[in-house]
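Welcome! Take a moment to turn the model around before reading on, and keep it open beside the text.

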Amino acid sequence: MRDLPVFFKKELLETWRTYRFLILAVVFLVFALMSPLIAKLTPEIMEMSFGKTIGIKIPAPTSVDSWTQFYKNIAQMGIYVVAIMFGGTMSQEMSKGTLVNLVTKGLPRWTVIGAKYLVLLCQWLVVTTGAFLVTWGYTAYYFPDSKSPNVFAGFVPLLLFGVFFLAVILFGSMVSRNNYGGLLFTILIMAMLYMINLFKNAQNFNPVSLIGDNMAILQGTKDLAKLEPAITIAVVAALVLVAGSVAVLNKKSLR
């Protein structure tokens with residue numbers, strides 16, 4: 001266990017030196033700033049573009065529009081930026097042979113997987129929480145209404161989805177030979193989950209609901225407790241995928 005904190009610090013430093021965390025933080029900050037701004041400007045842009053020709057009165061934007069934009073940005077773009085950034089987490093290490101010296105000196109292989117996963121989780125928590133707080137502040141400033149009563153409850157599923165999603169990325173990178181293989185694995189898993197989500201009875205058990213039902217929870221039309229099956233499956237699947245990554249690494253030659 002003493003090796004884990006040491007390798008964890010090493011991974012943190014590498015993430016900082018390669019600017020991956022900085023790039024990810026900037027991207028999520030842009031999403032956070034764009035969400036309330038787009039919500040506020042969309043009616044004005046449509047009015048300037050079409051005037052009164054469309055014959056429809058555009059309603060005034062609310063906090064719901066801002067949060068809708070935020071969760072749409074994260075679910076449709078943000079998670080895939082994460083997948084692209086970290087798709088080579090293990091495949092790059094394997095191809096470069098950087099783990100050979102460490103393992104031959106006695107570093108347990110599970111430590112590599114554990115430290116990398118923890119670093120991924122830390123980055124996810126920081127960038128998503130930071131983006132959430134920025135969006136929350138700007139939304140409260142631009143749209144001081146009471147139409148989004150459960151702001152924090154709506155955010156919890158997104159955080160927990162990251163626990164599952166990062167495990168998928170890590171496992172995909174472990175079984176692949178390059179970044180593209182890991183990214184393809186992640187996309188295939190997400191496509192499968194979206195197909196399963198077409199069946200209404202499966203939605204509360206599907207991890208992808210954790211990034212699909214945020215607005216319903218935020219507005220109070222759905223109780224967070226209904227997603228407990230999906231949360232449980234996501235966490236269990238994450239543990240299985242991390243354990244699977246360790247098993248695959250134990251069988252792989254590092255040379």
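## An aromatic cluster

Trp 67, Phe 70, Tyr 71, Phe 132, Trp 136, Phe 152 and Phe 155 come together as one aromatic cluster. Please keep in mind that this is a predicted model. Across the structure there are 16 aromatic pairs. In one of them, Phe 132 and Phe 155 are stacked, with ring centres 4.2 Å apart and 15 degrees between the planes. This pair joins distant parts of the chain, since Phe 132 belongs to helix α6 and Phe 155 to helix α7, 23 residues apart.

Are Phe 132 and Phe 155 buried or exposed? Both of them are buried.

## The overall picture

Let us step back to the whole chain. The protein has ten helices and zero strands, so a walk along the sequence meets the pattern α-α-α-α-α-α-α-α-α-α. Measured out along the principal axes, the box filled by the C-alpha atoms is roughly 70 × 40 × 30 Å. Of the 255 residues in the protein, 43% are buried. Among contacts with a separation of 6 or more, 82% are between residues 24 or more positions apart.

## Segments listed in UniProt

The unreviewed UniProt entry lists residues 21-39, 70-88, 117-139, 151-173, 180-199 and 230-249 under "transmembrane region". Two of these segments can be looked at in the model.

How much of the chain over residues 21-39 is helix? The model gives 100% helix and 0% strand there, with the end C-alpha atoms 27 Å apart. Over residues 70-88, the chain is 89% helix and 0% strand, and the end C-alpha atoms are 27 Å apart.

## The nonpolar core

The largest nonpolar core has 63 residues, and the members that touch the most others are Tyr 71, Val 82 and Met 90. At least two residues of this core come from each of α1 (3-17), α2 (20-50), α3 (63-86), α6 (109-142), α7 (151-175), α8 (179-196), α9 (214-219) and α10 (228-251). Which helix supplies the largest share of this core? That helix is α7, with 14 residues. Tyr 71 also appears in the aromatic cluster described above.

Met 90 is a good place to zoom in. Leaving aside residues up to four places away in sequence, Met 90 touches Leu 99, Val 112, Ile 113, Lys 116, Leu 170, Ser 173, Met 174 and Leu 249. One of these neighbours, Lys 116, returns in the next section.

## A network of salt bridges

The structure holds five salt bridges. Lys 10, Glu 11, Glu 14, Arg 20 and Lys 116 are linked in a network of such bridges. Start with Glu 14, which forms a salt bridge with Lys 10, where the closest N and O atoms are 3.2 Å apart. Both residues sit in helix α1, four residues apart, or about one turn of the helix. Glu 14 counts as partly exposed because its relative accessibility is 27%, and Lys 10 is also partly exposed because its value is 30%. Glu 14 forms a salt bridge with Arg 20 too, and here the closest N and O atoms are 3.7 Å apart. Arg 20 has a relative accessible area of 16%, which means that it counts as buried.

Now follow the network to Glu 11, whose side chain meets that of Lys 116 in a salt bridge with an N to O distance of 3.0 Å. Glu 11 in helix α1 and Lys 116 in helix α6 are 105 residues apart, and the pair links distant parts of the chain. Why do these two count as buried? Buried means under 20% relative accessible area. Glu 11 is at 5%, so it falls in that class, and Lys 116 does so because its relative accessible area is 3%.

## Ser 35 and its neighbours

Our last stop is Ser 35, which is found in helix α2. Ser 35 is buried because its relative accessible area is 0%.

What does the side chain of Ser 35 reach at 3.4 Å? The partner is the backbone nitrogen of Phe 70. Not counting residues up to four places away in sequence, Ser 35 touches Ser 66, Gln 69, Phe 70, Asn 73 and Thr 135. Among these neighbours, Phe 70 will be familiar as one of the residues in the aromatic cluster.

Terms used. Residues numbered from 1 in each chain as written. Predicted model: local features only at pLDDT ≥ 70, side-chain atom pairs only at ≥ 80, totals over all residues. Heavy atoms only, no water. Core = buried A, V, L, I, M, F, W, Y, C linked by side-chain atoms within 4.5 Å. Buried < 20%, exposed > 50% of the residue type's maximum accessible area, 1.4 Å probe, protein only. Contact = heavy atoms within 4.5 Å. UniProt positions renumbered as here; feature names shortened; annotations may be inferred. Salt bridge = Lys/Arg side-chain N within 4 Å of Asp/Glu carboxyl O. Phe/Tyr/Trp six-rings, centres within 6.5 Å; stacked < 30°, edge-to-face > 60°. Polar contact = N/O pair within 3.5 Å; in protein donor to acceptor, adjacent residues only side chain to side chain.
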